[in-house]
Amino acid sequence: MHTYRIGEHVTVLNDHLEVPGLGFLPVNAFVLHAREPVVVDTGLGLPDRDFVATLSSVIDPATVRWIWLTHPDRDHTGGLFALLEAAPHARLVTTFLGVGLMSTERPLPLDRVYLLNPGQKLEVGDRTLHAFRPPLFDNPATVGFYDDGSRTCFSSDCFGAPLATSELASCMDAREVPADELRSGQLLWAAVDSPWVHNAKTDRYLQTVHSMQAIDSDVILSTHLPPAIGLGTQLFDMLADAPDADPFVGPDQQALQEMLARFEPATAPG
Ligand SMILES: [Fe+2]
Ligand SMILES: [Fe+2]
């Protein structure tokens, strides 16, 4: 993992995963440096990752007041329980369903939970966070938000893209990705992560795209994309085309066996 700051308001905690056949998928968590500091998602839970240690290089975890879990998928919850211990004053922002899903792994202390639905607001001292459901999502507990202090949208999985190299997955600006590569990666991700988009009523779906676009944020942050600054038009055009993207079909057992055969060590001669 590495961390970097964008502007005065946000630090990115960047990680990535190599997805066979697809590319390198960024996995970001964030710190919003509000008067009441907010940690957005908590990274991967792989054994060699230590989310709280990485976070400690950015902020004293004991000062964290809010942990905004955009949704309880496992690439977002890696450091959650460790952070709840390290940040005793923090409340976990999620939904009723989010609590239910997390409770299948470990009971959540309900006095640490703060239930917030799309359309509601959270005051964090010097700014207001406006909760909304992003147009694309893979989990019904998903809630992103717009921070009116930094004019930044935190969009959870929406806008993600597997990228060609680990360097691109770790880069600090989505504009480093060639525009056509960014678009094709995002449309692929839309089909992988939100396959329902091919079957939804297009006009209803487009309404959600337009209402997010109307927020008119300067920065769009996705868990699975380098920070997107000034890319609004390009990104919302891509979202509008997602229903017509090629549906994704993953590798089947035969493809897996062929893949594994390529990794088998050559038999020793004689
Ligand atoms: Fe997800
Ligand atoms: Fe995700």
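Q: Why are helix 5 and helix 7 called oblique to each other?
A: In this predicted model, the axes of helix 5 (residues 179–193) and helix 7 (residues 232–241) come within 10 Å and cross at roughly 40 degrees. Angles under 35 degrees would count as roughly parallel, and the perpendicular range is 65 to 115. The pair falls into neither group, and helix 5 and helix 7 are therefore oblique. Their crossing is right-handed.

Q: What makes the contact between helix 5 and helix 7, and which classes of residue take part?
A: Helix 5 brings A179, R183, Q186 and L187, while helix 7 brings Q234, M238 and D241. Sorted by class, that gives three nonpolar, two polar and two charged residues.

Q: Why is helix 6 described as roughly antiparallel to helix 7?
A: The axes of helix 6 (residues 202–213) and helix 7 come within 10 Å and cross at roughly 170 degrees. Angles over 145 count as roughly antiparallel, so helix 6 and helix 7 earn that description.

Q: Which residues meet where helix 6 packs on helix 7, and how many of them are charged?
A: From helix 6 come L206, V209 and Q213, and they meet G232, F236, L239 and A240 of helix 7. There are five nonpolar, two polar and no charged residues in this contact.

Q: How do you know whether S184 is buried or exposed?
A: You count its neighbours. S184, which lies in helix 5, has 15 C-beta neighbours inside 10 Å. A buried residue needs 20 or more and an exposed one has 12 or fewer, so S184 is in between and counts as partly exposed. The C-alpha atoms of S184 and M238 are separated by 8.8 Å, although the two are 54 residues apart along the chain.

Q: What puts F159 in its burial class, and what can be said of its phi?
A: F159 has 27 C-beta neighbours inside 10 Å. The cut-off for buried is 20 or more, so F159 counts as buried. Its place is in the loop between strand 11 and helix 4 (166–170). Most residues other than glycine have a negative phi. F159 is not a glycine, yet it has a positive phi of about 80 degrees.

Q: Why is R151 given its exposure class, and where is it found?
A: Within 10 Å of R151 there are 14 other C-beta atoms. That lies between the exposed limit of 12 or fewer and the buried limit of 20 or more, so R151 is partly exposed. You will find R151 in the loop between strand 10 (144–147) and strand 11 (152–154). R151 also has a positive phi, near 55 degrees, in a residue other than glycine.

Q: What makes R127 buried, exposed or partly exposed?
A: R127 has 18 other C-beta atoms within 10 Å. Buried would require 20 or more, and exposed 12 or fewer, so R127 is partly exposed. R127 sits in the loop between strand 8 (121–123) and strand 9 (128–132).

Q: How do you know which residues R127 touches beyond its sequence neighbours?
A: Leaving out residues up to four places away in sequence, R127 touches A34, D147, D148 and G149. R127 and D148 are 21 residues apart in sequence, and their C-alpha atoms are 6.3 Å apart in space.

Q: Which residues have the most contacts inside the largest nonpolar core?
A: They are F30, V38, V39, V40, I67, W68 and V93, in a core of 69 residues. Strand 3 (residues 23–32) supplies the largest share of this core, seven residues. Apart from neighbours within four places in sequence, W68 is in contact with V38, V40, V93 and F145.

Notes
Residues are numbered from 1 along each chain as its sequence is written. Chains are lettered from A and ligands numbered from 1 in the order in which they are written. This is a predicted model: local features need pLDDT of at least 70, side-chain atom pairs count only at pLDDT 80 or more; totals for chains, interfaces and linings use all residues. Axes are lines fitted to C-alpha atoms, for helices over the stretch in contact, and angles run from 0 to 180 degrees between N-to-C directions. Helices (H or I, at least four residues) and strands (E, at least two) are DSSP runs, numbered from the N terminus. A crossing is left-handed if the near helix is turned anticlockwise from the far one by less than a right angle, and right-handed if clockwise. Two residues are in contact if their C-beta atoms, placed from the backbone, lie within 7 Å. Ala, Val, Leu, Ile, Met, Phe, Trp, Tyr, Cys and Pro count as nonpolar, Asp, Glu, Lys and Arg as charged, and the others, Gly among them, as polar. A nonpolar core is a set of buried Ala, Val, Leu, Ile, Met, Phe, Trp, Tyr and Cys residues joined through C-beta atoms within 7 Å.
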